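Colleague: Could you take me through this one before I set anything up? I would like to begin with how the parts meet.

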Amino acid sequence: MTAITLYDFPKSSAAYRVRIGLGLKGLTWRTVPVDLASGAQRGADHRARNAQGLVPVLDIDGQRLTQSLAMLEYLDDTRPDPPFLPDAPRARARARQIAHIIAMDIHPVNNSGVLAHVEALTGGGEAARIEWMRHFMPKGLAGVEALLDPGRGGPFCVGPAPTLADICLIPQVYNARRWGIDLAPFPHIRAVDLACADLPAFAAAHPDRVAPQDGAG
Ligand SMILES: N[C@@H](CCC(=O)N[C@@H](CS)C(=O)NCC(=O)O)C(=O)O
């Protein structure tokens with residue numbers, strides 16, 4: 001198999017998901033930084049990789065992938081151990097529900113490009129960004145909290161092993177902290193966050209471990 005390359009920005013929560021996923025599968029990869037803080041994602045080099053001008057981008061097995069959930073599903077399809085989804089259909093559905101709240105409901109409205117546009121439209125500066133984030137993020141996190149059944153049989157989102165749900169949740173929790181979201185109303189999310197922090201793949205993927213950089217994610 002050829003080398004794996006991740007076009008990455010440490011604080012990008014979508015890229016953070018993929019770093020966790022690669023680590024959980026025990027893979028090694030080369031990182032090519034794309035500096036979102038200076039707008040490198042909009043440059044010709046990166047647009048040639050991803051016409052959307054977004055990170056992450058993953059080169060793997062002789063192909064180029066965009067979209068973090070597609071990357072995670074590809075990893076799971078091609079390298080099934082350990083699995084990113086549990087066997088039982090109900091638990092699989094629950095893991096997907098949580099992942100989708102984050103990746104499809106919370107993240108798209110909290111993306112750095114969206115924030116920049118909110119700021120430009122409102123002229124509200126950093127205060128408008130903060131207000132926007134604090135409006136949308138807790139609503140989504142409340143949806144996740146409600147799905148973290150205390151009887152789920154383990155410290156992770158759907159039981160004894162991390163799944164796609166945890167892979168999506170932990171970067172979102174990181175992002176929530178960055179924006180000063182009060183996590184006190186979400187005790188189950190905080191417990192999952194603690195459990196994941198003990199796992200090497202999650203710890204190694206943390207933005208502070210990857211490289212310090214400015215910019216939204
Ligand atoms: N749905 C995409 C979202 C990718 C995305 O929005 N990436 C953000 C960082 S988390 C980005 O590159 N933002 C730069 C910009 O909007 O200019 C995925 O899951 O990969």
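**The domain interface**

Modeller: Between domain 1 and domain 2 about 1,300 Å² is buried, and carbon and sulfur atoms give 72% of that area; buried area here is the accessible area (1.4 Å probe) that two parts lose on being put together, summed over both. This is a predicted model, in which local features need pLDDT of at least 70 and side-chain atom pairs count only at pLDDT 80 or more, while totals for chains, interfaces and linings use all residues. Residues are numbered from 1 along each chain as its sequence is written, and side-chain values use heavy atoms, with hydrogens and water left out.

Colleague: How many salt bridges are there across the interface of domain 1 and domain 2?

Modeller: The rule, a side-chain nitrogen of Lys or Arg within 4 Å of a carboxyl oxygen of Asp or Glu, finds 0 across that interface. From domain 1, α1 gives the largest share of the side that touches domain 2, with 7 residues.

Colleague: And where are the domains divided?

Modeller: Domain 1 takes 5-82 + 206-210 and domain 2 takes 89-199, with bounds from an automatic or database domain assignment. Their centres, taken over C-alpha atoms, are separated by 19 Å.

Colleague: Changing topic, where is arginine 152?

Modeller: Arginine 152 lies in the loop between α6 (125-147) and α7 (164-178), the helices being DSSP runs of H or I with at least four residues.

Colleague: What is the nearest side chain of opposite charge to arginine 152?

Modeller: That is aspartate 149, 6.5 Å away, and arginine 152 has no salt bridge although buried (under 20% relative accessible area, 1.4 Å probe, protein chains only).

Technical notes
Helices (H or I, at least four residues) and strands (E, at least two) are DSSP runs, numbered from the N terminus. Buried means under 20% relative accessible area, exposed over 50%, partly exposed in between (1.4 Å probe, protein chains only). Lys and Arg count as positive and Asp and Glu as negative; His and the chain ends are not counted.
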